[in-house]
Structure formats: C-alpha cells, structure tokens
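Hello,

Here is the structure I said I would pass on. Please open it first, then read the notes below alongside it.

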Amino acid sequence: MFSVERFRVFVNERLTAAAEEIWDVFSTAVVEYEAEINRQRRMLDIVWKPHIHLHRIDVPQQHVCKEEEVEQQLCHQERTSSLDQEDPEPPRIKEEQEEEQIKQEETDTLMLTQEESEHREADVQHELQLLPHNSHVAENQDS
C-alpha cells in the first residue's frame, strides 16, 4: 500500500507540474495575441482613418476694391499712360502671376502631404508583410 501511495503522490506532482507548464504557455500565448491584436488595430486605424497633416501657408490678403475705386484707378492709369505714352503692366497679368504663385504654393503643400502619405503607406506595407508569419504562429497555437 505504501508504494501505491508514493506512486499517487508522484503522479499528482507530475500532473501539477504539467498543468503549471501548460498554464504558462497558455498565458504567454494570450499576451502575444493581445499584443498582435493591438498592433493590427493600430494598423487598421492608420489605413481606414489616415491622419493627413496639412501645413498652413499664409497667403497675403488681397485688398478688395470697390467698383468706384477700380474706376478711379483705371481713369488715373489712362491719364498717366496718355501723358507718359507708356503702357503700364495690365492688372490681369499681375493677377495671373499671383494666381500662379498661389497654385505653386498649393502644389508644394500637396506634395508634402503626398510624401507623408506615401511614408505612412510604406510603413503599413511593411507591417502587412509581417502578418503571414504571425498568422502562421497563430495557426500553430490554435491546433
């Protein structure tokens, strides 16, 4: 009977040790899965809700003239041009230059945001390349 009792104690100790080892592996797997889920949530947030940082560029405000002021300026320009016999630069050319400058600034801003977006996209692609390895680990632990 003494040997049966010793055998029972031995089996209980081995079962306890095995159960503790299984529990440790299970706990580690749960922690790894939680970390992976959080990482994938962050990636989804980036992909589904991209944060585009726009850099505000202050464009000088143009003075808005009233019709009367414009007429007075045109009359004044006509008088001075008839006196000087030289044509001043037409206002539309100045406006076109200003519009071109504004378009260039917008293009520069857009290029900056595209570069940031491409950088973010490259990060996401890199993260997605790591996914098959992690899902393989998950399949092995599921089985």
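**A contact in the first helix**

The side chains of E36 and Q40 are joined by a polar contact of 2.8 Å. Keep in mind while looking at this contact that the model is predicted. E36 is found in helix α1, which covers residues 2–48.

Is E36 buried or exposed? The relative accessible area of E36 is 17%. Buried means under 20%, so E36 counts as buried.

E36 has another partner, R39. The two residues form a salt bridge, in which the closest N and O atoms are 2.7 Å apart. How many salt bridges does the structure hold? The structure holds one, and the partners in this bridge are R39 and E36. R39 and E36 are three residues apart in helix α1, so about one helical turn separates them. R39 is buried too, because its relative accessible area is 14%. To sum up this spot, E36 makes a polar contact with Q40 and a salt bridge with R39.

**The chain as a whole**

Now a step back to the overall layout. The secondary structure of the protein chain consists of three helices and zero strands. Read from the N terminus, the order of the elements is α-α-α. What share of the residues is buried? Of the 143 residues in the protein chain, 6% are buried. E36 and R39 are among the buried residues.

**Two surface patches**

There is a nonpolar patch on the surface, with an area of about 440 Å². Which residues make this patch? They are L44, I46, V47 and W48. One of them, I46, lies in helix α1. I46 has a relative accessible area of 35%, and therefore counts as partly exposed.

A second patch is negative, and E95, E96, E98, E99 and E100 form it. Where does E100 lie? E100 is part of helix α3, which spans residues 91–142. The relative accessible area of E100 is 58%. The cut-off for exposed is over 50%, so E100 is exposed.

**A residue in a loop**

The last item is I52, which is found in the loop between α1 and α2. Helix α2 itself covers residues 67–84. I52 counts as exposed because its relative accessibility is 52%. I52 and Q114 are 62 residues apart along the chain. How far apart are their C-alpha atoms? The separation between the C-alpha atoms of I52 and Q114 is 8.8 Å.

When you go through the model, I suggest starting with E36, since the polar contact to Q40 and the salt bridge to R39 can be viewed together. After that, look at the nonpolar patch with I46, then the negative patch with E100, and finally I52 in its loop.

Regards

Key. Residues are numbered from 1 along each chain as its sequence is written. This is a predicted model: local features need pLDDT of at least 70, side-chain atom pairs count only at pLDDT 80 or more; totals for chains, interfaces and linings use all residues. Side-chain values use heavy atoms; hydrogens and water are left out. Patches are made of residues with over 30% relative accessible area and no salt bridge: like charges are joined within 9 Å, nonpolar side chains (Val, Leu, Ile, Met, Phe, Trp, Tyr) within 5 Å. Accessible areas come from the Shrake-Rupley method with a 1.4 Å probe; for residues, only the protein chains shown count as cover. A salt bridge is a side-chain nitrogen of Lys or Arg within 4 Å of a carboxyl oxygen of Asp or Glu. Helices (H or I, at least four residues) and strands (E, at least two) are DSSP runs, numbered from the N terminus. Buried means under 20% relative accessible area, exposed over 50%, partly exposed in between (1.4 Å probe, protein chains only). Lys and Arg count as positive and Asp and Glu as negative; His and the chain ends are not counted. The place of a charge is taken as NZ of Lys, CZ of Arg, CG of Asp or CD of Glu. A polar contact is a pair of N or O atoms within 3.5 Å; within protein, one must be able to donate a hydrogen and the other to accept it, and residues adjacent in sequence count only if both atoms are side-chain atoms.
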